[in-house]
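This report describes helix packing, sheet order and one salt bridge in a single protein chain. The model is predicted.

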Amino acid sequence: MHTTTEESAITVQTLRDFVSAALQSKGVPHDDAVTVATLMVEADIFGYGTHGVFRLRQYLARLDGGGCNPTPSVTVAQETIATGVIDGDDGLGHLAMSAARDLAIEKARAAGIGWVGVRRGNHAGPLALYVRTQAEAGLLGMAAAVGSANHVPPYGGTDLLLGTNPIAFSAPAAGADPFVFDMATTVAAMGKIKTLLQQGKEMPEGWMVGRDGKPLTDPARKSEGFLLPIGGPKGFGLSIAIGLMAGVLNGAAFGSDVVDFTNDTSSSTNTGMFVMALDPAAFGIGDDFARSASRVFDEMRASDPLPGHDPVRLPGDGKTAAADARRSSGLALNPALRRDLNVLAADCGLPAPFPDEPAKG
């Protein structure tokens with residue numbers, strides 16, 4: 001078996017072509033498949049491996065099961081000067097969210113702010129994909145989503161009524177790296193637990209608890225327990241706020257209406273999300289925002305670290321250089337994922353993307 005070394009890396013273009021071909025084998029039109037494959041691989045390029053190509057198996061399963069529409073008509077269902085709602089028509093979530101991002105940016109350029117919601121979406125990968133573009137264009141960005149399954153009870157309760165409900169924020173800054181912050185409202189995202197399960201590794205204590213309230217560390221037993229919210233009741237409150245803005249406001253699922261997109265591959269998930277873009281020029285600051293933010297960021301980085309701690313880093317630091325390196329040298333995916341992609345290739349009637357990797361380990 002290969003280790004995760006340079007020799008087992010796959011080029012970005014080869015991986016993108018494979019993902020696109022796999023999606024097309026399930027009826028997704030060429031242009032849509034390329035759009036989604038590009039965003040999925042971009043997630044891995046920027047280090048969000050739990051929400052990138054790793055998710056291909058789930059997307060193919062939903063296309064097979066009928067819960068995901070391979071040929072959606074993504075439309076603007078509602079619109080004002082500064083707001084809008086995208087109807088994803090149950091298609092791959094990346095299509096609806098990229099449309100929402102682009103429309104939000106267009107509205108921000110015209111009105112100072114653009115806020116675009118999504119209804120009838122599906123899982124769309126990491127939210128960072130839908131806020132980094134704003135920062136690179138000199139805008140501020142925000143995005144949030146109702147999680148694609150409920151893994152969290154209301155604080156103090158036991159009924160699973162909340163998801164990981166992630167949120168992301170971005171801002172321009174002088175230098176190579178914009179500020180990009182992407183987090184779940186739980187201590188760990190479910191994607192991290194699924195990747196540990198795929199690799200046969202245990203979870204750290206503090207990510208999940210069982211119904212007995214004791215720590216749960218075996219990812220194979222994830223269905224027996226709960227994900228824990230960040231900051232206890234504070235994370236619970238933030239998760240509800242996101243559910244209201246990304247779910248209820250868009251006529252999308254929230255609470256008991258949320259469909260587990262992994263276990264139920266045939267039902268519409270009606271996943272709700274939103275993307276925001278904000279133009280500093282609307283506040284009379286323009287390019288001065290990036291310069292002022294960078295000055296404060298530099299002050300923070302210059303703070304003397306506590307004993308035993310690394311130097312202070314800001315969210316997004318080093319992402320650009322790391323992404324450039326991966327674009328140049330390829331992506332060295334973990335062995336378990338490489339084997340799974342080979343299995344998916346066989347299922348789709350495609351050549352194995354890792355021909356030297358055993359299909360089963």
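## Packing of α1 on α2

A crossing of two helices is called right-handed if the near helix is turned clockwise from the far one by less than a right angle, and left-handed if the turn is anticlockwise. By that convention, the crossing in which α1 passes α2 is right-handed. Residues 12-24 form helix α1 and residues 30-45 form helix α2; their axes lie 8 Å apart and the packing angle is about 135 degrees. The two helices α1 and α2 are therefore oblique to each other, because angles outside the roughly parallel, roughly antiparallel and roughly perpendicular ranges count as oblique.

On the α1 side, the contact is made by Val 12, Leu 15, Arg 16, Val 19, Ser 20, Leu 23 and Gln 24. On the α2 side, the contributing residues are His 30, Ala 33, Val 34, Val 36, Ala 37, Thr 38, Met 40, Val 41 and Ile 45. Sorted by class, the contact of α1 with α2 holds eleven nonpolar, four polar and one charged residues.

## Packing of α1 on α3

Helix α1 also packs against α3. The axes of α1 and α3 come within 10 Å and cross at roughly 15 degrees. Since angles under 35 degrees count as roughly parallel, α1 and α3 are therefore roughly parallel to each other. The crossing of α1 and α3 is right-handed.

Phe 18, Val 19, Ala 22 and Leu 23 of α1 make this contact with Leu 56, Leu 60 and Leu 63 of α3. By class, the contact of α1 with α3 has seven nonpolar residues, no polar residues and no charged residues. Val 19 and Leu 23 of α1 are listed in the contact with α3 and in the contact with α2.

## Packing of α2 on α4

Helix α4 spans residues 93-111, and its axis comes within 9 Å of the axis of α2, crossing at roughly 80 degrees. That angle makes α2 roughly perpendicular to α4.

From α2, the residues Asp 32, Thr 35, Val 36, Leu 39 and Met 40 meet His 94, Leu 95, Ser 98 and Arg 101 of α4. The contact of α2 with α4 comprises four nonpolar, three polar and two charged residues. Val 36 and Met 40 of α2 take part in this contact and also in the contact with α1.

## The seven-stranded sheet

Seven strands make up an open sheet with mixed pairing, in the order β1-β2-β3-β10-β4-β5-β6. Its edge strands are β1 (75-79) and β6 (179-183), each of which pairs on one side only. Direction ignored, neighbouring strands of this sheet are turned by 15 degrees against each other on average.

At the β1 edge, β1 and strand β2 (residues 83-87) pair in the antiparallel sense over four bridges. The two strands β1 and β2 form a hairpin with three residues between them. Gln 78 stands opposite Val 85 in β2. Elsewhere in the order, strand β4 (residues 140-145) pairs with strand β10 (residues 271-278) in the antiparallel sense over six bridges. Gly 141 stands opposite Ala 277 in β10.

## The three-stranded sheet

Another open sheet has three strands in the order β8-β7-β9, with antiparallel pairing. The edges are taken by β8 (215-216) and β9 (225-227), each with a single partner strand, so one side of each is left without a neighbour in the sheet.

Strand β7 (residues 208-210) is joined to β9 by three bridges, and the two run antiparallel. The bridge partner of Gly 210 is Gly 225 in β9.

## Salt bridges

Side chains of opposite charge can pair when their charged atoms come close. With a cut-off of 4 Å between side-chain nitrogen and carboxyl oxygen, the count comes to 15 salt bridges.

One salt bridge is formed by the side chains of Arg 57 and Asp 340, at 2.6 Å from N to O. This pair links distant parts of the chain, with Arg 57 in helix α3 (residues 56-65) and Asp 340 in helix α10 (residues 335-347), 283 residues apart.

Conventions: Residues numbered from 1 in each chain as written. Predicted model: local features only at pLDDT ≥ 70, side-chain atom pairs only at ≥ 80, totals over all residues. Heavy atoms only, no water. Axes fitted to C-alpha atoms, helices over the stretch in contact; angles between N-to-C directions. Parallel < 35°, antiparallel > 145°, perpendicular 65-115°, else oblique. Contact = heavy atoms within 4.5 Å. Nonpolar A, V, L, I, M, F, W, Y, C, P; charged D, E, K, R; others polar. Pairing = 2+ DSSP bridges.
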